[in-house]
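Me: Please take a close look at the ligand site of this model. Which residues surround the ligand, and which polar atoms approach it?

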Amino acid sequence: MKILVINGPNLNMLGIREPGIYGERSYEALVDFVRGVCESHGVEATFFQSNHEGAIVDAIQEAYGVMDGIVINPAAYTHTSVAILDALKAVAIPAVEVHLSDVSAREEFRHVSYAGMACQATFAGYGFDGYRMAVEYLLEHRG
Ligand code: DQA
């Protein structure tokens, strides 16, 4: 199984940005963690991080016919991007949404998720472990 792990804007600043919310571990540590999870399940993982909405749309489109699943933390674009929602719907690859923080317990504007409307499940508020849950969800629900 091939999984594309997409992280949106400012997640490259993990460890530096608001550590009280997002933790003290870096983006590289996140990639190492998720890669370890994937290796333990025999999953081939590809990682993509961008601060640019269109680049994320491009990455989703390029996954068509190549990837079997997408794990996506669209970060701030979660709450604004119809383009990312439409890209996920266009490729129709099974996708799972992840948020490090519990977005439902934060500001009102974080309660809406456009990307989530095209995802099979959401894991929010579990930190890095949410990515493990997402990978395992895709494995358990693969067609
Ligand atoms: C986030 C939550 C978003 O609201 C925020 O804009 C982020 C990160 C999370 O992982 O908790 O950048 O997606």
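Reply: The ligand occupies the space of the largest pocket, a pocket being, on a 1 Å grid over the protein atoms alone, an open set of points where a 1.4 Å probe fits, with protein on both sides within 12 Å along at least five of seven lines; a molecule sits in a pocket if more than half of its atoms lie within 2 Å of its grid points. The model is predicted, with local features requiring pLDDT of at least 70 and side-chain atom pairs pLDDT 80 or more, whereas totals for chains, interfaces and linings use all residues. Residues are numbered from 1 along each chain as its sequence is written, and side-chain values use heavy atoms, without hydrogens or water.

Around the ligand, with a heavy atom within 4 Å of it, are R17, Y22, N73, A75, A76, H79, H99, L100, S101, V103 and R110. By class, this shell comprises 5 nonpolar, 4 polar and 2 charged residues; Ala, Val, Leu, Ile, Met, Phe, Trp, Tyr, Cys and Pro count as nonpolar, Asp, Glu, Lys and Arg as charged, and the others, Gly among them, as polar.

Polar contacts here are pairs of N or O atoms within 3.5 Å. The side chain of N73 places an N or O atom 2.8 Å from an oxygen atom of the ligand, and a polar side-chain atom of R17 lies 3.1 Å from a ligand oxygen atom. From A76, a polar backbone atom is 3.2 Å from an oxygen atom of the ligand. Of the 320 Å² of accessible area that the ligand has on its own, the protein covers 98% (Shrake-Rupley method, 1.4 Å probe).

Notes: A polar contact is a pair of N or O atoms within 3.5 Å; within protein, one must be able to donate a hydrogen and the other to accept it, and residues adjacent in sequence count only if both atoms are side-chain atoms. On a 1 Å grid over the protein atoms alone, a cavity is a set of points where a 1.4 Å probe fits but cannot get out, and a pocket is an open set with protein on both sides within 12 Å along at least five of seven lines; lining residues have an atom within 4 Å of a point.
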